[in-house]
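Visitor: Before we begin, could you take me slowly through the empty spaces of this protein and tell me what the terms mean?

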Amino acid sequence: MTVTVKQAYEPLTESTAIALAKNLELFPQETELTCKEIGDGNLNLVFHIIDQHTEKGIIIKQALPYAKVVGESWPLTIHRAKIESDALKKFAQYVPQLVPEIYHTDETLAITVMEDLSRLTIARKGLIDGESYPLISEHIGTFLANTLFYTSDFYLTGKEKKNLVKQFFNPELCNITEDLVFTDPFFDIDTNDFEPELRTDVEKLWNDQELKLEAAKFKHKFLTEADALLHGDLHTGSLFASTTETKIIDPEFAVVGPFGFDLGQFIANLLLNAIGREDSQAVLFKHINRTWTVFETTFRKLWESEGKDPYTKVNGYVDVVLNNLFEDALGFAGCEIIRRTIGLAHVADLDGIADKEKKLAAKKHALRLGRALLIERISILNTIHIQEIFETTKE
Ligand code: SR1
Ligand code: MG
């Protein structure tokens, strides 16, 4: 679809979204379309349009010029819509089966028109409801290995890599991560959000110089390391899933950044789900283990068969890269767990716990686990050890 709707930016409504879909000739002209705004994330409008005759649907996602979670007082670039569609297209070069199909993009309106994934469920919601997604870890391991390897200097030429850095120059969205993930939760900043009953634990964290030194190192890694193209916000709310399919959505935070960041965020969000459950936690540890195993095996295969840098032939180099990546993923996971517990943007896995005492106990566990991952990461050699740390930080 090449039709471009040339008009000034304005937020769509359900009726203008239908008009847009008709303009783009995505449906037969005579058909009846219905539309519902279903965006429940922190930033964007999401319109679900359905053809009443065929029941076929599309999604129109539109960036608002501010952060919806806070309101118009927090302006935010609508260029993130282009970053998101460019990232989905880039990922589709390597793992088309794991991302939604894009039908149309319009930079002026900041929209991406894409495949309707309503046959699937947002993984965070499904996991909270006790759904099982047996293939999700295999899919995420495959996604990460392919996207990280093929967008790294081990595969790209220096010039291609620098062009990629330029294409995904995303300072405003990176700044959100720098503040909300790496800085604010570790200081007494008013964007933080936690129950008064947690204040003693949170003040202890703010005064924990050992922890803050490690968090500072991870903020610096995020600011300075440009290993590969990241999704940039790979939590379980950025995944649609079923028992057979996984689709990775919402890469508006995409940037060329440190290898371990996306893996760390994914692991952290599985751990947050495990903390929020009273039983059946084992499946989440199996997912963490499988994600790493699939990631490592696939990355090694790509390195051997597709590595372009002559140094990829040097014995032991891939081991150094993977060991560093695993250690970094644990540190990034620690930051993510802490910020999802006491920072601005929480997760339903913890906030949705109905019993107040259990919720507070879960959040205290999360703070201890996040700290342990950051401080003890060097001695955590495998995914089994992550489960041990999870158990020892319970009390
Ligand atoms: C103001 S945006 C808050 C959070 O929502 C996004 O999904 C990112 O995780 C961001 O940190
Ligand atoms: Mg998002």
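Visitor: Why does the largest pocket lie where it does, with respect to domain 1 and domain 2?

Guide: This is a predicted model, in which local features need pLDDT of at least 70 and side-chain atom pairs count only at pLDDT 80 or more, while totals for linings use all residues. Residues are numbered from 1 along each chain as its sequence is written. Domain 1 (14-115) and domain 2 (121-392), whose bounds come from an automatic or database domain assignment, both give residues to the lining, so the largest pocket lies between them.

Visitor: What makes a space a pocket, and what makes a residue part of its lining?

Guide: On a 1 Å grid over the protein atoms alone, a pocket is an open set of points where a 1.4 Å probe fits, with protein on both sides within 12 Å along at least five of seven lines, and a lining residue has an atom within 4 Å of a point. The largest pocket has a volume of about 1200 Å³, a volume being the space filled by probe spheres set on the points, which are joined across faces, edges and corners. Its lining has 46 residues, and Asp40, Gly41, Asn42, Gly237 and Asp250 are the closest to its centre.

Visitor: Which helix gives the most to the lining of the largest pocket?

Guide: That is H6, with four residues; a helix here is a DSSP run (H or I, at least four residues), numbered from the N terminus.

Visitor: What is known of the second largest pocket?

Guide: The second largest pocket has a volume of about 300 Å³ and is lined by 16 residues, with H13 giving the most, five residues.

Key: Chains are lettered from A and ligands numbered from 1 in the order in which they are written. Side-chain values use heavy atoms; hydrogens and water are left out. Helices (H or I, at least four residues) and strands (E, at least two) are DSSP runs, numbered from the N terminus.
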